[in-house]
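Here are some notes for a colleague who is starting to read this model, set out as numbered points. Please look through the sequence and the structure before going on.

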Amino acid sequence: MSRLRKDYEHTKTARFVAFVQGDEPPRDEDRTEEWRRRVEEQAETDRAANASYLELPDTDPQADRRLLRMTGFRRIRRFYYVIAMIMCLMIIGMLILNVAYMPPFGSEDAPANNEVSERYLEKGGEETGVVNTVTGMILQYRAFDTFGETNVLFIGACTVIILLLHREGEEDKRRHHEESVSDNGDASEWTRVTYSPEYDRKGDVILQTIAKLVVPMIFLFGLYILLNGHLSPGGGFSGGAVLGAGLILYNQAFGFRRTERFFDEKIYDIIKVGSLCLYAMIIAYYLFTGANGIPSIVPLGTLGAILSSGLILPINLLVGLEVACTMYAFYALFRKGSF
Amino acid sequence: MEWIRNFPFFAILLAMVSGPVSSVLPGRHARRVSFLVVITSGLLSVCTLAYVLYTGEAFTYQMGAFPAPFGNEIRAGVLEAMTATFFCLIMLLSLVGGYRFTAVDIAEDRENLFYILINLLLASLLALIYTNDLFTGYVFIEINTIAACGLIMIRGWGRNLLAATKYMIMSLLGSGLLLISIAVLYGITGHLLMEPMHGAIVDIVEKGTYTEPLTVAVGLFCVGIAIKSALFPFHSWLPDAYGYSTCSSSAILSSLVSKGYIFLLIKFFYRVIGTDIIHQIQVDDVLFVFGIAGMIFGSVSAIQQTDVGRMIAFSSVAQIGYIYMGFGLNTEAGMIASIFHILAHSAGKSLLFVSLNGLTGGNWENANYRKLRGAAYRNRIAGVGFAVGSLSMVGIPLLAGFTSKVYFAQAAFGVSSTTKQLVTLVALAVSTILNAMYFIGQTINIYTPLQRTEGRPRVAVGRAMWTATVLFILLNLLLGIGSEPIFRWIEEGLRLFG
């Protein structure tokens with residue numbers, strides 16, 4: 001007959017079992033007591049809230065049944081964890097197995113090496129005026145997708161603003177429930193974290209000194225990536241990310257007050273909306289002329305020159321500004337709750 | 001090329017540009033812009049519909065200077081134009097119907113954010129409908145998801161944030177699976193546009209190479225869309241998201257957002273994979289089983305709810321089940337019934353949410369069924385709207401829901417397998433009875449007169465809401481009585497798909 005090891009609690013099996021059962025489940029009787037108390041509290045609040053409209057019976061006959069259902073749920077939960085894990089392992093296994101059936105990476109006769117990629121590689125330079133084929137693909141051949149992708153960034157920033165704006169006082173309203181119920185909660189306040197000086201920590205000297213040296217170089221490098229997007233690896237998205245990182249570093253070192261001297265909400269709005277609208281106009285022109293067979297008036301220039309490749313250079317610049325703004329906006333919003 | 005062929009592109013671009021423009025406008029101007037954009041897009045779609053019906057064939061529109069397998073493309077046929085028109089109409093009516101609650105639920109200086117979300121949601125829906133490229137579909141699914149998430153939490157209560165978190169987690173899982181699926185499909189076909197991809201897939205199936213990755217990719221695509229459109233076992237995010245959002249959000253989310261994804265799935269079945277191959281790898285049977293399960297369990301969950309908002313939300317799970325059951329039949333009649341049900345459900349569900357908000361005054365604390373007793377006497381038009389929506393969902397003749405159920409039943413008789421036939425008919429019957437149990441029950445509940453009415457909310461009906469409700473009711477009647485032309489359009493659209 002097997003015997004329980006003395007140090008069973010510290011074995012891997014025990015830890016795994018504890019993990020499966022959820023972190024340290026309380027004893028059944030404790031949990032039961034807690035549920036009973038909670039159910040009673042809930043019934044009490046329900047009664048208080050509904051007192052003026054209807055007469056609930058004094059004791060809730062449902063309470064015991066509800067209690068039963070909740071303890072039952074705890075038992076199901078263990079199965080749930082186990083089954084969830086088995087399912088995940090199965091999906092992982094299936095996907096890995098799937099890779100074995102896919103065409104080998106880089107193989108010559110893979111279906112992806114067809115006339116499409118051939119044309120991108122061989123005629124890309126001639127048709128779009130770029131040396132960096134990737135840029136030609138995303139900004140000319142598949143320009144519409146990239147325009148959509150830039151809008152994803154924009155709407156992401158909008159949603160973060162919505163997320164950080166929330167109402168206070170729901171709990172209070174539920175408890176007191178004095179005002180007329182048709183009132184839609186005007187009594188509650190919209191709140192957001194507002195600016196406070198504590199976000200401007202006195203930056204330390206090392207960070208500030210290094211930032212002074214590095215930030216201009218980062219900005220220059222970001223601009224270089226933006227402007228050379230059609231010639232060398234890079235382009236709007238990567239250059240914008242570098243610019244945004246530079247802004248964030250400057251902000252970390254010198255605080256919001258100094259950053260806002262040259263980059264506040266107004267400038268942010270102007271750059272964001274301006275670049276997106278200009279981008280939209282350029283893309284509308286490009287798609288419209290392309291679709292209707294109207295020759296584009298923008299010359300492609302000589303291959304390899306900095307001022308070449310037609311519409312790609314301005315688009316890269318605008319995408320870069322949009323990306324930089326969004327990155328900084330995410331940082332600023334999560335850091336202090338507003339711009 | 002005729003000038004009118006630019007219209008789908010104009011509609012998408014207009015909606016996309018209006019987003020950034022709205023972000024610097026004050027709330028009331030943003031609202032005007034948004035209404036204008038929805039109306040204009042609707043009109044452009046009507047023109048497109050008239051044009052494709054006149055010419056009798058679909059057209060593709062090259063997005064940019066490069067033709068099909070190299071550049072992006074959109075495509076407009078009868079089905080696309082009809083769905084786009086219908087979605088614009090529903091969106092407009094939902095916005096008008098929830099107009100009063102939007103003003104109350106959303107802080108004034110943030111109102112423009114709401115309309116940015118609406119504009120970009122419209123853009124993404126139109127792009128999902130018109131796209132002829134799987135990856136473009138994915139990009140706009142992302143926009144759609146983030147916009148929907150914003151719409152859920154814009155009301156700002158803790159409960160909305162929780163619902164949005166749930167939605168985001170589930171929805172991102174769905175997006176991830178979709179992306180893997182598209183990547184696998186690209187790996188085995190080398191194309192992203194629908195027609196060349198279809199050609200490559202037919203080749204694959206003939207040669208017998210890469211059939212395993214193809215099955216996996218189709219499976220992942222279906223699961224991804226199923227999660228995002230709340231098919232039965234993946235519906236846990238749905239009740240909170242629909243039940244507690246602001247009126248317009250609930251109406252738009254329940255009637256449009258999930259339908260956009262489903263429309264992409266229809267395109268995927270017909271234009272990318274092909275219905276024969278779908279049948280060959282038996283994805284249709286799987287969808288059939290889950291659809292049937294959704295029809296039953298969605299309704300069972302709805303019966304258990306005490307909160308009427310959540311009840312309506314759970315009934316969406318059942319209705320989505322109907323749509324997937326139609327896919328599972330894998331006949332043309334089944335697909336037509338499903339597409340008709342998409343329209344019928346959109347019209348009915350948005351009507352239900354708008355009128356429920358009319359009954360409760362937009363406050364979910366009043367949505368408990370006890371507090372709603374007699375509510376129809378306090379707000380008559382909302383009461384009528386709720387009754388019509390409920391009856392349509394149950395499937396009472398003359399209303400939209402009845403027609404779609406008849407189509408489903410007819411489609412069931414056309415299936416070769418007797419088991420499927422029987423299961424479909426029994427599930428339709430059981431689900432109708434379950435629907436009746438809660439919807440008719442609620443309708444009787446709100447029409448039960450009360451002795452004491454003091455302390456009950458008395459909601460003033462705005463003119464906007466009155467108009468929207470009446471138009472919604474008319475739309476439901478129209479779909480119920482005059483379904484014949486729409487049926488023919490769907491048939492024509494599917495023929496153009498094939």
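1. A helix of chain B is a good place to begin, bearing in mind that this is a predicted model. Helix α6(B) has 20 residues, which at 1.5 Å a residue should span 28 Å, and because its end C-alpha atoms are 29 Å apart, the expected span and the model agree.

2. As for its surroundings, 20 of the 20 residues of α6(B) are buried, so this helix is largely enclosed by the rest of the structure.

3. One partner of this helix is α6(A), whose axis comes within 9 Å of the axis of α6(B), the two crossing at roughly 15°. An angle under 35 degrees counts as roughly parallel, and therefore α6(A) is roughly parallel to α6(B). The crossing of these helices is left-handed.

4. Where the two helices meet, α6(A) contributes residues including F144(A), V152(A), I155(A) and I162(A), while among those from α6(B) are F135(B), V139(B), I143(B) and M153(B). Sorted by class, the residues of this contact comprise 14 nonpolar, 6 polar and 3 charged.

5. The helix pair belongs to a contact between the chains that takes 51 residues from chain A and 67 residues from chain B. On the side of chain A that touches chain B, the elements giving two or more residues are α3, α4, α5, α6, β1 and α10 of chain A, and the largest share, 15 residues, comes from α6(A). By class, that side of chain A has 30 nonpolar, 13 polar and 8 charged residues.

Note on methods:
Residues numbered from 1 in each chain as written. Chains lettered and ligands numbered in written order. Predicted model: local features only at pLDDT ≥ 70, side-chain atom pairs only at ≥ 80, totals over all residues. Contact = placed C-beta atoms within 7 Å. Helix = DSSP H or I, 4+ residues; strand = E, 2+ residues; numbered from the N terminus. Nonpolar A, V, L, I, M, F, W, Y, C, P; charged D, E, K, R; others polar. Axes fitted to C-alpha atoms, helices over the stretch in contact; angles between N-to-C directions. Parallel < 35°, antiparallel > 145°, perpendicular 65-115°, else oblique. Left-handed = near helix turned anticlockwise from the far one by under 90°. Expected span 1.5 Å × (residues − 1). Buried ≥ 20, exposed ≤ 12 C-beta atoms within 10 Å, placed from the backbone.
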